[in-house]
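Subject: A structure for you to explore

Hi there,

Here is the structure I promised to pass on to you. Please open it next to this email and follow along as you read.

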Amino acid sequence: MLSDDPADWIEYEKKQLLQVLGRLTRVITGTVAPHLARRPEDEWAQLVIAQLTGVRAALAQLAKTPAWQTKTGGHPETWPRRQIRDAIRYIVDNGAKWRALPADFPPWETVYGFFTRWNRDGCVTYIRDQLRRRIRTDLGRRPHPVTLIVDSQSVKAAHTVSQDTRGYDAAKKINGRKRHIVVDTKGMPVMIMVTAADMTDRDAARELLWRLRLTQPQITQV
């Protein structure tokens, strides 16, 4: 790519994403899905297809052109995606409530709706992993970590949190939820799992390490 036109770069990147999307789709439909059809009780295949489906959804979202930017037209979006992204970053950086979003951002309902859809499609996880990979590469490290650090933190839950998703941590004397956080040696997040606070680290580790083995097979030490 020797062109200086940003439109050419965007088109080139979309073609690359579509190629990866095609390969990933063939893996799902040609390998994992038939295996799962023969052995529906296989937990490994269930988790793999869930992870791959999330990545496929994220790639499809990144490669898609908004309708109003196409030749056939479409209703223009009221708020630019850049403002939506900046609003989400504001919430993450300040830890504020969605309803406390300043008035110079788009309405909080719109921002929350975009965040929910992007998170459900796996876009947020994909962006996080790509940012971590870029930072590690700039630091002269391997793109993907091989050594991880795991810990948990119990936090109080608001009264609006349902009883089904909260518990009492007798050791910390906290009624709420527990965050099981996995980071690399630079402290950058790799995986986060939220459970009720009464779940022990031993029980949570079984699920957490299982997910890590499937999504980060290069890991050698935790």
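Let's start with a salt bridge between arginine 136 and aspartate 184, whose closest N and O atoms are 3.0 Å apart. This pair ties together distant parts of the chain: arginine 136 belongs to helix α5 (residues 123-138) and aspartate 184 to strand β3, 48 residues apart. Are the two partners buried or exposed? Arginine 136 has a relative accessible area of 4%, so it is buried. Aspartate 184 is buried too, because its relative accessible area is 0%. For both, the cut-off to keep in mind is that buried means under 20%. Please remember as you look around that this is a predicted model.

Arginine 136 and aspartate 184 are one of 9 salt bridges counted here. Some salt bridges share partners, and in that way Arg128, Asp129 and Arg132 are joined into one network.

Next, have a look at arginine 82, which forms a salt bridge with aspartate 86; here the closest N and O atoms are 3.4 Å apart. How far apart are these two residues along helix α3? They are 4 residues apart in helix α3 (residues 81-94), so about one helical turn separates arginine 82 from aspartate 86. Arginine 82 has a relative accessible area of 53%, so it counts as exposed. Aspartate 86 has 26% relative accessibility and therefore counts as partly exposed.

One more pair is worth finding: arginine 39 and glutamate 41 also form a salt bridge, with 3.6 Å between the closest N and O atoms. Arginine 39 is partly exposed, because its relative accessible area is 43%, whereas glutamate 41, at 52%, is exposed.

Now for the overall layout. How many helices and strands does the protein chain have? There are 6 helices and 4 strands. Starting at the N terminus, the order of elements is α-α-α-α-α-β-β-β-β-α. Along the principal axes, the C-alpha atoms fill a box of roughly 60 × 50 × 40 Å. Of the 222 residues in the chain, 27% are buried.

Back to strand β3, where we met aspartate 184. Strand β3 (residues 174-184) runs antiparallel to strand β4 (residues 189-196), and 7 bridges join the two. If you look across this pairing, you will see isoleucine 181 opposite isoleucine 192, which is in β4. The hairpin of β3 and β4 has 4 residues between the strands, and in this hairpin glycine 187 takes a positive phi near 85°.

Glycine 187 has company in another part of the chain. Lysine 173 also has a positive phi, about 55°, although lysine 173 is not a glycine. Where does lysine 173 sit? You will find lysine 173 in the loop between β2 (167-169) and β3. With 62% relative accessibility, lysine 173 counts as exposed, because the cut-off for exposed is over 50%.

Let's turn to the surface. Which residues gather in a patch of negative charge? They are Asp4, Asp5, Asp8 and Glu11. Aspartate 4 lies in the segment before α1 (6-38), and its relative accessibility of 77% is why aspartate 4 counts as exposed.

There is a nonpolar patch on the surface as well: Val150, Leu209 and Val222 make up about 250 Å² of it. Leucine 209 is part of helix α6 (residues 201-215). Its relative accessibility is 41%, so leucine 209 counts as partly exposed.

Last, try a distance yourself. The place to start is alanine 33 in helix α1, which counts as partly exposed because its relative accessibility is 30%. How far apart are the C-alpha atoms of alanine 33 and glutamine 61? The separation is 22 Å, for two residues that are 28 residues apart along the chain.

If you would like a place to begin, go back to arginine 136 and aspartate 184, the buried pair. After that, look for the patch that includes Asp4 and Glu11.

Have fun exploring, and write back with any questions!

Best wishes

Key. Residues numbered from 1 in each chain as written. Predicted model: local features only at pLDDT ≥ 70, side-chain atom pairs only at ≥ 80, totals over all residues. Heavy atoms only, no water. Patch = residues over 30% accessible without salt bridge, like charges linked within 9 Å, V, L, I, M, F, W, Y side chains within 5 Å. Areas by Shrake-Rupley, 256 points an atom, 1.4 Å probe, with all protein chains shown as cover. Salt bridge = Lys/Arg side-chain N within 4 Å of Asp/Glu carboxyl O. Buried < 20%, exposed > 50% of the residue type's maximum accessible area, 1.4 Å probe, protein only. Lys, Arg positive; Asp, Glu negative; His and termini not counted. Charge placed at Lys NZ, Arg CZ, Asp CG, Glu CD. Pairing = 2+ DSSP bridges.
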